Amino acid sequence: MRLVVAECAARYTGRLSAHLPRARRLVVVKADGSVLLHSDGGSYKPLNWMSPPCSLAVGEPDAEQRAAGVTQVWTVQHAKTDDRLVIDLYEVHHDSAHELGVDPGLVKDGVEAHLQELLAAQIGLLGSGHTLVRREYPTAIGPVDILAKAPGGGSVAVEIKRRGDIDGVEQLTRYLELLNRDPRLSPVRGVFAAQEIKPQARVLATDRGITCLVLDYDAMRGVDDVDARLF
């Protein structure tokens, strides 16, 4: 992983156009090829990024850019789309590379981890015809709990919580924004699944087109037979 702290500006073109004016930022280049631009705020969410498969080319600035103080021009081109991220580097304050090795991935504890395992085994709870792609589907900003294929085409990203609140909906929204950039997966719709979903979270999810799914932990484990209930 390469970490660069620099005065930089960036331009993103493709499915959308965006511009970041000059400021001091952290540029992260990961071993999988992804490139992320971070500020000192915004928690873990990058200001902009390019997901793999992509390539990074380092070029020289033209005369106009050099006169403005640009020392390097990084061009990050997606391999399968026209999406492109161009980063103009001015002053570089730090540049280092680190070998992190193979990461074992996030291991969830307790009920939440078991809910993920159970839902993956009972993927039909999302609706008839859905098929599991994988658990812990990796993205540049963290793994999605479950990724599934919808029977009519497209994908379904599932975020699982024990108790669903607004933060969980926001987390799923960020995953959806990223996954919908991948033409192999899009369109990607979201499912927010939890044992209990707070009213505010349900309202926000509905407003963003995200489906809410209440999970019955005992029924999924086979402890409670919902069909045998009197009420």
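# Two domains, two sheets and the salt bridges of a predicted model

Glu196 counts as partly exposed, at 44% relative accessibility, in a model that is predicted.

Reader: In which strand is Glu196 found, and which residues is Glu196 in contact with, leaving aside its neighbours within four places in sequence?

Author: Glu196 belongs to strand E11, which covers residues 188-197. The C-alpha atoms of Glu196 and Gly164 are separated by 5.9 Å, although these two residues are 32 residues apart along the chain. Once the neighbours within four places in sequence are set aside, the contacts of Glu196 are with Arg162, Arg163 and Gly164.

Reader: What is the order of the strands in the open sheet of 5 strands, and which are its edge strands?

Author: The pairing in this open sheet is mixed, and the order of its 5 strands is E8-E9-E10-E11-E12. A strand at the edge pairs on one side only, and this holds for E8 and for strand E12 (211-214). Neighbouring strands of this sheet are turned against each other by 25° on average, direction ignored. The edge strands are thus named as E8 and E12.

Reader: Which residue in E10 stands opposite Ala148?

Author: Strand E9 (residues 144-149) and strand E10 (residues 155-164) pair in the antiparallel sense, over 4 bridges. Within E10, the residue that stands opposite Ala148 is Val156.

Reader: Across which strands does helix H4 lie, and at about what angle does it run to E11?

Author: Helix H4, made up of residues 199-207, lies across E10, E11 and E12. Its direction relative to E11 is given by an angle of about 170°.

Reader: Is Glu136 buried or exposed, and with which side chain does the side chain of Glu136 make a polar contact?

Author: Glu136 is found in strand E8, residues 131-137. Its relative accessible area is 16%, and because buried means under 20%, Glu136 is buried. The side chain of Glu136 makes a polar contact, at 2.8 Å, with the side chain of Gln116.

Reader: Why is one side of strand E4 and of strand E5 left without a neighbour in the sheet?

Author: These strands belong to an open sheet of 7 strands with antiparallel pairing, in the order E4-E3-E2-E1-E7-E6-E5. Strand E4 (48-50) and strand E5 (54-59) stand at the edges of this sheet, so one side of each has no neighbour there, each having a single partner strand.

Reader: Over how many bridges do strands E6 and E7 pair, and which residue in E7 stands opposite Val76?

Author: Strand E6 (residues 72-78) and strand E7 (residues 84-97) pair in the antiparallel sense, over 6 bridges. The residue in E7 that stands opposite Val76 is Leu85.

Reader: Which parts does the salt bridge of Asp88 with Arg11 tie together, and how many residues apart in sequence are they?

Author: Side chains of opposite charge can pair when their charged atoms come close. The closest N and O atoms of Asp88 and Arg11 are 2.7 Å apart, and the two residues form a salt bridge. Because Asp88 lies in strand E7 and Arg11 in strand E1 (residues 2-13), the pair ties together parts that are 77 residues apart in sequence. As for accessibility, Asp88 counts as buried at 6%, whereas Arg11 is partly exposed at 33%.

Reader: How far apart are the closest N and O atoms of Glu177 and Lys45, and how many residues separate this pair?

Author: Glu177 forms a salt bridge with Lys45, in which the closest N and O atoms are 3.6 Å apart. This pair links distant parts of the chain, with Glu177 in helix H3 (residues 166-179) and Lys45 in the loop between strand E3 (35-38) and E4, at a separation of 132 residues.

Reader: In which helix do Asp218 and Arg221 both lie?

Author: The side chains of Asp218 and Arg221 meet in a salt bridge, at 2.6 Å from N to O. Asp218 counts as partly exposed at 32% relative accessibility, and Arg221 counts as partly exposed at 38%. The two residues are 3 residues apart, about one turn of the helix, and both lie in helix H5 (residues 217-221).

Reader: How many residues of domain 1 are in contact with how many residues of domain 2?

Author: The domain assignment of the protein gives domain 1 as 2-97 and domain 2 as 111-230. The C-alpha centres of the two domains lie 32 Å apart. In the contact between them, 14 residues belong to domain 1 and 12 residues to domain 2.

Technical notes: Residues numbered from 1 in each chain as written. Predicted model: local features only at pLDDT ≥ 70, side-chain atom pairs only at ≥ 80, totals over all residues. Heavy atoms only, no water. Buried < 20%, exposed > 50% of the residue type's maximum accessible area, 1.4 Å probe, protein only. Polar contact = N/O pair within 3.5 Å; in protein donor to acceptor, adjacent residues only side chain to side chain. Pairing = 2+ DSSP bridges. Salt bridge = Lys/Arg side-chain N within 4 Å of Asp/Glu carboxyl O. Domains from an automatic or database assignment. Contact = heavy atoms within 4.5 Å. Axes fitted to C-alpha atoms, helices over the stretch in contact; angles between N-to-C directions.
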